[in-house]
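Dear colleague,

Please find the structure below, handed over for your work. A summary of what was found in it follows.

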Amino acid sequence: MLTGKTASKGRALGKVFKFEKKELHIKKETCEDPKQCLKAFKDALAKSSEELRALRDRTLEKLDEDHADIFEAHIEMVNDVEIRNQVIAMIEDKKSAQLAYKTVTDQFIEIFEGMEDEYFQARAADVKDIQHRVLSHLLGEPIKDMSMVDTDTIVFATDLTPSDTANFDFSHIKGFVTETGGMTSHTAIMARAYNIPAIVGVKNALNQVEDDMLVYLDATDNKIHLDPDDATIEKAQTAIKADERHLEILKEYQHIKTKTKDGVHIPLFANIGSDRETDVLDENGAEGIGLFRTEFLFMDSDKMPSETEQIESYKKVFSAIQPVIVRTLDIGGDKALPYLDQDKEDNPFLGKRAIRLCFEEIEMFKTQIRALLKAATDQNDLRIMFPMVATRDELIRAKNIVSEVMDALAEQNETYQKTVHFGIMIEIPAAALNAEQLGREVDFFSIGTNDLIQYLFAADRMNSAVSYLYEPFDPTLLRLIDTTIKAAKATDTEIGVCGEMASNLDTALILVGLDIDELSMNPSSILEIRRALSKIPMDALKTFAEDVLEQPDAHAVKACIKRFKESFDM
Ligand code: PEP
Ligand code: MG
């Protein structure tokens, strides 16, 4: 059995297809008949363009113009006059077409890789992609054609690029396993966009499977069962059928607002970590974005994203859906930036993290605020949220920095959004206990239960040795959340939850019963929770939550939830 990081939930049973990009080696360096070699070169360009046009059309049909544009750019590169002329000159000089094309494109790759600007660095990957395609034709070793797949298949790969996945026939491709990649990798985003189970970061996966080996990919449990026995196959088939039936039922809830049985609207928002994840909002029925974790844009890059790059990314998100709660950088703790020179700390989770680090790295923080204000010029609802605020002083300081940035923009005659709705994460117990004072300074709160739990019980969220203390069902935590919600209501401050407790049906029911205004979650949890809420009236949820708060410990809370759900046939 293999395991990795679940990038897209679900289950699939299928045969292994090892998607390996072969290293292409130049077989011939010289050319005796330049006319013949020129013809071979032009044929290879024509075949490559033809393939890319087919990929573009298929992508347009299955996804959208943005994704299809990638191939438009590749077609242009294949037909680039400068590359073409240089290759032709080398062929006329009796070099083989293979050698000429590789030499010229290698030079372009080197130039792009050496450029400061990240946009041009990314172009190096595009040239590599087309180089591989054209060379595969010149060498007579065309790329393995995934459209030939005619049985349920799980693709195993080192990583998958956009041109790889665009060639996939998703009526047969049922899952992805990749050796590299994280939650925001291209594979992860694609898998979520197509609703295909995927486990990424599986070390050495390709060496442990053979083509056509049967595999049960259980991305609900982060497990890949190789060559499963009959009992496992039967279990898998039953679970997959049940998933399919369940998905059909959930689809009915895709385009409606989330309401309790008696019609109380509780917006369900999505948590996202990159502008690419806006792809999955509609199919999961998100009513907005309740947490945009902006630090991933910084973590996915090997240098600080510029103001322009940030503006581009924020604009994409703002134009995809409204409202959007943008969280300013939450770097530190487990989220390091390799290019930011930081002193080593003994307790990083209790150290210079999030807003504390932003006060120190003031230029980084101000650039992000500038980018947000400039990106939101057309938005009338810019919501900026500061993470890890412990005291009122910190909050005032952060707001003052935004005012300073606005003043500077005004002085420079820049266009920017002048109205900002401020919010903070409530993820430190001191902030929860001081919510009434903090509420007078902000428009909204979002409870970050992932951190609130670790700081309340002094139990590292990453350390499995103390996971018994990391308990979302503990009534002490629930009472603290209740106090915070009451303080928010007393000060007219909107209050939501964006930690994992919002994504879990059991805890989501408690939160709604405690009178939370919105929940922001993993997009794939939205429809499930919307469906459950539609079956329960608000009064019942409130009585249930009161009952929960009276319980002595987490076991009793869980028993209480079980009884409650059973009373609604859940
Ligand atoms: C949280 O702490 O609950 C939260 C949503 O933030 P993160 O998981 O990014 O720390
Ligand atoms: Mg947090």
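**Cavity and ligand site**

Strand 9 and helix 16 each contribute at least two residues to the lining of the second largest cavity. Please bear in mind that this is a predicted model.

A search of the whole structure finds four cavities of 30 Å³ or more. The second largest cavity holds about 80 Å³ of space, and its lining is made up of 14 residues. Those that lie nearest its centre are Arg-293, Arg-327, Met-425, Glu-427 and Asn-450. Sorted by class, this lining comprises eight charged, three polar and three nonpolar residues.

What sits in the second largest cavity? The occupant is ligand 1. Around ligand 1 there are 15 residues, and Arg-293, Arg-327, Gly-448, Asn-450 and Arg-461 come nearest. Arg-293, Arg-327 and Asn-450 are thus named both here and among the residues nearest the centre of the cavity. The shell around ligand 1 has eight charged residues, together with four polar and three nonpolar ones.

In terms of secondary structure, strand 9 (289-293) and helix 16 (449-457) each supply at least two residues of the shell around ligand 1. Helix 16 gives the most, with three residues.

**Polar contacts of ligand 1**

Three distances may be of use to you when you examine the site. An oxygen atom of ligand 1 is 3.0 Å from an N or O atom in the side chain of Asp-451. For Arg-353, the distance from a ligand 1 oxygen atom to a side-chain N or O atom is 3.4 Å. Thr-449 takes part through its backbone, where a polar atom is 3.1 Å from an oxygen atom of ligand 1. On its own, ligand 1 has 290 Å² of accessible area, and the protein covers 99% of this.

**Backbone geometry**

Two backbone features should also be brought to your attention. Gln-322 and Pro-323 are joined by a cis peptide bond, with omega at about -5°. Pro-323 is placed in the loop between helix 10 (307-320) and strand 10 (324-327).

The other feature concerns Asp-212, which has a positive phi of about 75° although it is not a glycine. Asp-212 is found in the loop that lies between strand 5 (198-200) and strand 6 (214-218).

With kind regards

Technical notes. Residues are numbered from 1 along each chain as its sequence is written. Chains are lettered from A and ligands numbered from 1 in the order in which they are written. This is a predicted model: local features need pLDDT of at least 70, side-chain atom pairs count only at pLDDT 80 or more; totals for chains, interfaces and linings use all residues. Side-chain values use heavy atoms; hydrogens and water are left out. A residue is near a molecule or strand if one of its heavy atoms lies within 4 Å of it. A polar contact is a pair of N or O atoms within 3.5 Å; within protein, one must be able to donate a hydrogen and the other to accept it, and residues adjacent in sequence count only if both atoms are side-chain atoms. Accessible areas come from the Shrake-Rupley method with a 1.4 Å probe; for residues, only the protein chains shown count as cover. On a 1 Å grid over the protein atoms alone, a cavity is a set of points where a 1.4 Å probe fits but cannot get out, and a pocket is an open set with protein on both sides within 12 Å along at least five of seven lines; lining residues have an atom within 4 Å of a point. A molecule sits in a cavity or pocket if more than half of its atoms lie within 2 Å of its grid points. Helices (H or I, at least four residues) and strands (E, at least two) are DSSP runs, numbered from the N terminus. Ala, Val, Leu, Ile, Met, Phe, Trp, Tyr, Cys and Pro count as nonpolar, Asp, Glu, Lys and Arg as charged, and the others, Gly among them, as polar. Grid points are joined across faces, edges and corners, and a volume is the space filled by probe spheres set on the points.
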